[in-house]
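Hello,

Here is the structure I promised to pass on. Please have a look at it first, and my notes follow underneath.

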Amino acid sequence: MPDMETALKEIMEIDGCIGVALVDHTSGMALGTLGGGKELDLTVAAAGNTDVVRAKLRAMEMLNLSEKIEDILITLDSQYHMIRPLTSRSGKGLFLYVALRRDRANLAMARHQLRRIENDLDV
């Protein structure tokens, strides 16, 4: 089972990956980041996407939906932003945030790779 650092490195190998963060959606704090840079401040993105996750969880609660979120996809002109809540017991309250270059990423393949890495992740 890969640890957080190894998992973040594996995610950065996904074609078109700009940056990745492992985020606590209770506090909005990034527990680990890799990539990003001038184009993408991952700590700001982590905090902002925490609001997205909280809003979706509230909406699901109001709708009495008992399903789990597999992922949330935000499509921009030049990027994909994926939010994937962790489903393992040790990952409860955490999500992976991944930014991808739209011109280089294969969205279906990226989702598949992210699912595989998340399933193997030991937090």
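Which residue in S2 does Val 23 stand opposite? Ala 30 is the partner across from Val 23. Please keep in mind that this is a predicted model.

That pair belongs to the strands S1 and S2, so let me go on with the sheet.

The sheet is open and has five strands in the order S2-S1-S5-S4-S3, paired antiparallel. At its edges are strand S2 (30–35) and strand S3 (72–75), each pairing on one side only. From one strand to the next, the twist averages 10°. Strand S1 (residues 17–24) and S2 run antiparallel and are joined by five bridges.

Two helices go with the sheet. Helix H1 (residues 4–12) packs on it, with contacts to S1, S2 and strand S5 (94–101). The direction of H1 makes about 150° with that of S1. H2 lies across S1, S2, S3, strand S4 (79–85) and S5, and runs at about 120° to S5.

One residue of H2 is worth a visit in your viewer: Ala 46, which sits in this helix (residues 42–62). Ala 46 counts as buried because its relative accessibility is 0%, and the cut-off for buried is under 20%. Leaving aside residues up to four places away in sequence, Ala 46 touches Val 23, Gly 28, Ala 30 and Phe 95. So the opposed pair Val 23 and Ala 30 turns up again among the contacts of Ala 46. As for Ile 83, 37 residues from Ala 46 along the chain, the two C-alpha atoms are separated by 9.9 Å.

Best wishes

Terms used:
Residues numbered from 1 in each chain as written. Predicted model: local features only at pLDDT ≥ 70, side-chain atom pairs only at ≥ 80, totals over all residues. Heavy atoms only, no water. Helix = DSSP H or I, 4+ residues; strand = E, 2+ residues; numbered from the N terminus. Buried < 20%, exposed > 50% of the residue type's maximum accessible area, 1.4 Å probe, protein only. Contact = heavy atoms within 4.5 Å. Pairing = 2+ DSSP bridges. Axes fitted to C-alpha atoms, helices over the stretch in contact; angles between N-to-C directions.
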